[in-house]
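Trainee: I have a structure to go through before I plan my reading. Could we take it by question and answer?

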Amino acid sequence: MMDQAPRDAAYSSKPLNIVADENIPGLEDWFGDLGNITRLPGRTMTREQLRDADVLLVRSVTPVNENLLRDTPVRFVGSCTIGTDHLDTVWLEQRGVAWSAAPGCNANSVVEYVFCALAALDIDWRDRTFGIVGCGNVGGLLQTRLHQLGLSVVVYDPWLPDNPDAATLETVLKQQIVCLHAPLVKAEPHPSLHMLDTAMLDKLADDAVLISAGRGAVIDNNALLARLQRNPAFTAVLDVWENEPDINLSLLEQVDLASPHIAGYSHDGKLAGTRMIREALDRSPGLRPVSASHKDPASETKVISTEQSGFAAIRDLLLQMYNPRDDDRRLRAAADAHKQGGLPMAEAFDLLRKQYPKRLEFSHFRASTSQLDKSTRQQLTALGLQCS
Ligand SMILES: NC(=O)c1ccc[n+]([C@@H]2O[C@H](COP(=O)([O-])OP(=O)(O)OC[C@H]3O[C@@H](n4cnc5c(N)ncnc54)[C@H](O)[C@@H]3O)[C@@H](O)[C@H]2O)c1
Ligand SMILES: O=C(O)[C@H](O)[C@H](O)COP(=O)(O)O
């Protein structure tokens, strides 16, 4: 991350021309006071569209590199995402273009997705062992939650050898539930591209559950397809895919729970990304600090309850808040429609993401739990629900 002075000093005294991905929520609230905002589809942005832009705001689908920015006046690039693999940060820094991503903005959303995915598959995690690959904001938060739930977890993160749960990749892959939260890294010394190839996938037990919510290409998708065809009892949950948005439809048929890269798409996580980029821009020397007229929307609280007890109660409450089966159903329906001559799959995948329903994080819910036993209430609290 680099907060560096833009080269044009006059830049700070005039309204900014902001070009932004049309799928960034809260743009007007967080950037409207700075100048003009032009909204464009992120996937197809061109250099020509940036010829008058001072600020470029993107999501993960826009490769930001010399090809896009050469000879443009862009002096600040903000990506309202955790991932940065779409940014050529070396080129940006060489050119003195300030940039920022939004570390951790939707980490909580991804962790909630993991528990809801297990609930949707009716997998009682309370007697399973967990392995986490990549232990940053997402993996680290999942690790903390698992500790709070009193569960056993080992983690593989080559940059964090002192993590108290550190283990080899092989050991992590032998756990009953394996969660992938590594970024896509192509460079040595620790590339993650196809880190799970045929040999590594074979380390997973036949009845393992593999949840992938980092970046698609961390798993060799053809190797995963072969493993699933060989061993249908193996459970795969895929939120991220190789070659998004043009995903492998044979793989989609084989996975147990599928979604169009929306693990981080809670309303809270998306808005946090927008806010963090505004804050980064305000810290950027030479850009005008403006009186903040924007504010976070009032928080909503919804009351939920259940007739169930024990794990069934936890499962029921989680799925009332967010049921990944709905995402799975929509993605499979889009694939079926495509096969019958509907939209190209890549367009359908992007449309599902663009039209994603508003999803609130657990903290917005109060569970009416007086009839539940103490241990169940403690687990719900550890998962982040308010209990009454
Ligand atoms: N599915 C989604 O909606 C969604 C949402 C948020 C983030 N993500 C992806 O998840 C990734 C992780 O998010 P984060 O917030 O934890 O990022 P982070 O940068 O906080 O942490 C990433 C961790 O991965 C580790 N790492 C790097 N190379 C590795 C390797 N080869 N093997 C194992 N670990 C490695 C790093 O040391 C770091 O601790 C992001 O980079 C992003 O690509 C996906
Ligand atoms: O890196 C991230 O923050 C997530 O993968 C994010 O949810 C990606 O969403 P997108 O930018 O593709 O809309």
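Trainee: Which residues of H5 are buried?

Mentor: Keep in mind that this is a predicted model. A residue counts as buried if 20 or more other C-beta atoms lie within 10 Å of its own. In H5, the residues that are buried are Val138, Gly139, Gly140, Leu142, Gln143 and Leu146.

Trainee: What do the buried residues of H5 pack against?

Mentor: One helix and three strands are listed as partners. The buried residues of H5 pack against helix H4 (107-120), and against strands S6 (130-133), S7 (153-156) and S8 (177-180).

Trainee: What should the 12 residues of helix H5 span, and how far apart are its end C-alpha atoms?

Mentor: H5 covers residues 137-148. At 1.5 Å a residue, those 12 residues should span 16 Å. This agrees with the distance between the end C-alpha atoms, which is 16 Å.

Trainee: Which element gives the most to the largest nonpolar core?

Mentor: Nonpolar side chains tend to be buried together in soluble globular proteins. Here the largest nonpolar core has 110 residues, of which Leu56, Val77 and Val114 touch the most other members. The element that gives the most to this core, with 11 residues, is H4.

Trainee: Which element gives the most to the shell around ligand 1?

Mentor: Of the 34 residues around ligand 1, those that come nearest are Gly83, Gly136, Trp159, Pro183 and Gly264. Two elements, H4 and H5, give two or more residues to that shell. The one that gives the most, with 3 residues, is H5.

Key:
Residues are numbered from 1 along each chain as its sequence is written. Chains are lettered from A and ligands numbered from 1 in the order in which they are written. This is a predicted model: local features need pLDDT of at least 70, side-chain atom pairs count only at pLDDT 80 or more; totals for chains, interfaces and linings use all residues. Helices (H or I, at least four residues) and strands (E, at least two) are DSSP runs, numbered from the N terminus. The expected span of a helix is 1.5 Å times one less than its number of residues. A residue is buried if 20 or more other C-beta atoms lie within 10 Å of its own, exposed if 12 or fewer, and partly exposed in between; C-beta atoms are placed from the backbone. Two residues are in contact if their C-beta atoms, placed from the backbone, lie within 7 Å. A nonpolar core is a set of buried Ala, Val, Leu, Ile, Met, Phe, Trp, Tyr and Cys residues joined through C-beta atoms within 7 Å. A residue is near a molecule or strand if its C-beta atom, placed from the backbone, lies within 6 Å of it.
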